[in-house]
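Please look through the sequence and the structure shown here before reading on. The report that follows takes up one topic at a time, beginning with a charged pair.

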Amino acid sequence: MENKKVDTRRLRLAKIKVFNKEDGGSEFLPKGVEAPYVFLYDVNGTYVNLFNPVEELPICERAPYAICDAEGEDYGTYMWSISGELQDGPFYLMNSHSCKNDIFSDDEITMEHLREYMLRSGRFFYDRVDIIKSLPLKERIKYRDLLRSDEIKHHKFDEYVSSRKKGVQYRKKAN
């Protein structure tokens, strides 16, 4: 798998966001909850998560321009559905550019190069916990602080997504 080549023109960076059907858009995550990133790869017109290909979430693409209010202030961006039916819950929101334009300069990279990028990135990647846990013990020790941090972020994000499912609501305790 390490020697497998990835065409960076078909690779896209995406965030996992939470869709709210009632409001018709993605939700703003509460303070302390961070939206994770994933890499999606175009396989014959279908985008799959390279590090978790069995996970099927709806996919949207972000427009390269902003939505403005009457005073000209930006408050969001348009997005449109690429695949899957948008329901309440998580979905992938892709950037409008390929990774060739934004991240990598080479036309092709190895999966190992992609893993290294994820391990060294300041972004929170959803699949990084599994990547770190799959490393040999000697190498895994280098990333123990990052692993702890990512596990906390992972838990907070998963907890928030679970709380958004129908029938689960937060209630304020009475004093």
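## A charged pair within one helix

In this predicted model, D145 and R148 are both part of helix α5, where they stand 3 residues apart, or about one turn of the helix. Their side chains meet in a salt bridge, with a distance of 3.1 Å from N to O. D145 has a relative accessibility of 52% and counts as exposed, because the cut-off for that class is over 50%. R148, with a relative accessible area of 48%, is partly exposed.

## Overall make-up of the chain

The protein chain contains 5 helices and 9 strands, and their order from the N terminus on is β-β-β-β-β-β-β-β-α-β-α-α-α-α. Of its 175 residues, 39% count as buried. Among the contacts with a separation of 6 or more, 65% are made by residues 24 or more positions apart.

The surface that the protein chain exposes comes to about 11200 Å², and carbon and sulfur atoms supply 48% of this area.

## Other salt bridges

Side chains of opposite charge can pair when their charged atoms come close. The structure holds 8 salt bridges, and the pair in helix α5 described above is one of them. Another is formed by K153 and E34, whose closest N and O atoms are 3.5 Å apart. K153 lies in helix α5 (residues 144-163), whereas E34 belongs to the loop between β3 (25-26) and β4, so this pair ties together parts that are 119 residues apart in sequence. Both partners are partly exposed, K153 with a relative accessible area of 24% and E34 with one of 31%.

A further salt bridge joins the side chains of R9 and D7, at 3.0 Å from N to O. Here the two partners fall into separate classes of exposure: R9, at 49% relative accessibility, counts as partly exposed, while D7, at 14%, counts as buried, because buried means under 20% relative accessible area.

## Aromatic rings

A pair of aromatic rings is described by the distance of the centres and the angle of the planes. A search of the whole structure finds 8 aromatic pairs. One of them consists of F39 and F104, a tilted pair with 6.3 Å from centre to centre and 40° between the planes. F39 is located in strand β4 (residues 37-43) and F104 in the loop between α1 (99-102) and β9 (108-110), so the pair ties together parts that are 65 residues apart in sequence. Both rings belong to residues that count as buried, F39 at 1% relative accessibility and F104 at 6%.

F39 and F104 are also members of a cluster, in which ring pairs link them with Y37, Y117 and F125. Y37 has a charged partner as well, since the charged end of R123 sits over the ring of Y37, 5.1 Å from its centre.

## A nonpolar patch on the surface

Which residues form a nonpolar patch on the surface? The patch is made up of Y78, W80 and I82, which together have about 300 Å² of accessible area. Y78 has its place in strand β7 (residues 74-83), and at 46% relative accessibility Y78 counts as partly exposed.

Note on methods:
Residues numbered from 1 in each chain as written. Predicted model: local features only at pLDDT ≥ 70, side-chain atom pairs only at ≥ 80, totals over all residues. Heavy atoms only, no water. Helix = DSSP H or I, 4+ residues; strand = E, 2+ residues; numbered from the N terminus. Buried < 20%, exposed > 50% of the residue type's maximum accessible area, 1.4 Å probe, protein only. Contact = heavy atoms within 4.5 Å. Areas by Shrake-Rupley, 256 points an atom, 1.4 Å probe, with all protein chains shown as cover. Phe/Tyr/Trp six-rings, centres within 6.5 Å; stacked < 30°, edge-to-face > 60°. Lys NZ or Arg CZ within 6 Å of the ring centre and 35° of its normal. Patch = residues over 30% accessible without salt bridge, like charges linked within 9 Å, V, L, I, M, F, W, Y side chains within 5 Å. Salt bridge = Lys/Arg side-chain N within 4 Å of Asp/Glu carboxyl O.
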